[in-house]
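Here is a short briefing for a reader meeting this structure for the first time. Take a look at the model, then read on by topic.

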Amino acid sequence: QVQLVESGGGLVQAGGSLRLSCAASGGTFSTYAMGWFRQVPGKEREFVAGISWSGGSTSYADSVKARFTISRNNAKNTVYLQMDSLKPEDTAIYYCAARHLLVSDYNYWGQGTQVTVSS
């Protein structure tokens, strides 16, 4: 069983930056692909960014490309989301997720961290 704990959320002005962290425990971190998702109340959770187990492959939602960067440190069992040039529409609860490299769906989720971008 993998446990995920996010941190780093908060309030920032538009144009600012935040870095989210997600610490994993309870599994072999390097065998899991990791992702970041976000959700606004009343809307469905949406994919933000993903990274392969090795870190060699990343993917991003079009809305965050060139502004957000996902990375991981397998020695520290941690995945990061660097968010730059933040916009008010980036306001959401951000969730970290994990899926074993042999499965296709994310099946482990953190509790979420609030990111609020003021205009």
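A polar contact is a pair of N or O atoms within 3.5 Å; within protein, one atom must be able to donate a hydrogen and the other to accept it. Threonine 113 gives a case to look at: its side chain reaches the backbone nitrogen of glycine 9 at 3.3 Å. The model is predicted. The protein has eleven strands and zero helices.

**Overall build**

- Along the sequence, the pattern reads β-β-β-β-β-β-β-β-β-β-β.
- The radius of gyration is 13 Å, and the globule rule gives 14 Å for 119 residues, so the protein is as compact as a globular protein of that length.
- Along the principal axes, the C-alpha atoms fill a box of roughly 40 × 30 × 25 Å.
- Of the 119 residues, 40% are buried.
- The protein exposes about 6,100 Å², and carbon and sulfur atoms supply 49% of that area.
- Take the contacts between residues at least 6 apart in sequence: 55% of them join residues at least 24 apart.

**The nonpolar core**

- The largest nonpolar core holds 29 residues.
- Leu4, Met34, Trp36, Val79, Leu81, Met83 and Tyr94 have the most contacts inside this core.
- Several strands give two or more residues to the core, among them β3 (18–25), β4 (32–39) and β5 (46–51).
- Further along the chain, β7 (68–73), β8 (78–83), β9 (92–100) and β11 (113–118) also give two or more.

**Strand β1 and its partner**

- Strand β1 covers residues 3–7 and has two faces.
- Leu4 and Glu6 make up the covered face.
- Gln3, Val5 and Ser7 make up the uncovered face.
- Leu4 is also among the core residues with the most contacts.
- β1 and β3 run antiparallel and are joined by five bridges.
- Valine 5 has alanine 23 in β3 as its bridge partner.

**Strand β9 and its partners**

- Which strands pair with β9 in the antiparallel sense over eight, three and two bridges?
- β4 pairs with β9 over eight bridges, in the antiparallel sense.
- In that region, glutamine 39 stands opposite isoleucine 93 of β9.
- β11 pairs with β9 over three bridges, again antiparallel.
- Tyrosine 94 has threonine 113 in β11 as its bridge partner.
- Strand β10 (residues 108–109) pairs with β9 over two bridges, also antiparallel.
- Alanine 98 stands opposite tyrosine 108 in β10.

**Threonine 113**

- Threonine 113 is found in strand β11.
- Is threonine 113 buried or exposed?
- Its relative accessible area is 11%, so threonine 113 is buried, the cut-off being under 20%.
- Leaving aside neighbours within four places in sequence, threonine 113 is in contact with Glu6, Ser7, Gly8, Gly9, Leu20, Ala92, Ile93 and Tyr94.
- That list includes Gly9, whose backbone nitrogen the threonine 113 side chain reaches.
- The list also includes Tyr94, the bridge partner of threonine 113.

**The loop between β6 and β7**

- Aspartate 62 sits in the loop between β6 (58–60) and β7.
- Aspartate 62 counts as exposed because its relative accessibility is 66%, and the cut-off is over 50%.
- The side chain of aspartate 62 makes a polar contact with the side chain of lysine 65, at 3.2 Å.
- Aspartate 62 and valine 48 are 14 residues apart along the chain, and their C-alpha atoms are separated by 8.6 Å.
- Alanine 66 lies in the loop between β6 and β7.
- Alanine 66 has a relative accessible area of 86%, so it is exposed.

**Positive phi values**

- Most residues other than glycine have a negative phi.
- Alanine 66 has a positive phi, near 75°.
- Serine 85 has a positive phi of about 50°, although it is not a glycine.
- Where does serine 85 lie?
- Serine 85 lies in the loop between β8 and β9.
- Its relative accessibility is 42%, so serine 85 counts as partly exposed.

Methods
Residues are numbered from 1 along each chain as its sequence is written. This is a predicted model: local features need pLDDT of at least 70, side-chain atom pairs count only at pLDDT 80 or more; totals for chains, interfaces and linings use all residues. Side-chain values use heavy atoms; hydrogens and water are left out. A nonpolar core is a set of buried Ala, Val, Leu, Ile, Met, Phe, Trp, Tyr and Cys residues joined through side-chain atoms within 4.5 Å. Buried means under 20% relative accessible area, exposed over 50%, partly exposed in between (1.4 Å probe, protein chains only). Helices (H or I, at least four residues) and strands (E, at least two) are DSSP runs, numbered from the N terminus. The radius of gyration is taken over C-alpha atoms; the globule rule is 2.2 Å times the number of residues to the power 0.38. Contact means heavy atoms within 4.5 Å. Accessible areas come from the Shrake-Rupley method with a 1.4 Å probe; for residues, only the protein chains shown count as cover. Two strands pair if DSSP finds at least two bridges between them.
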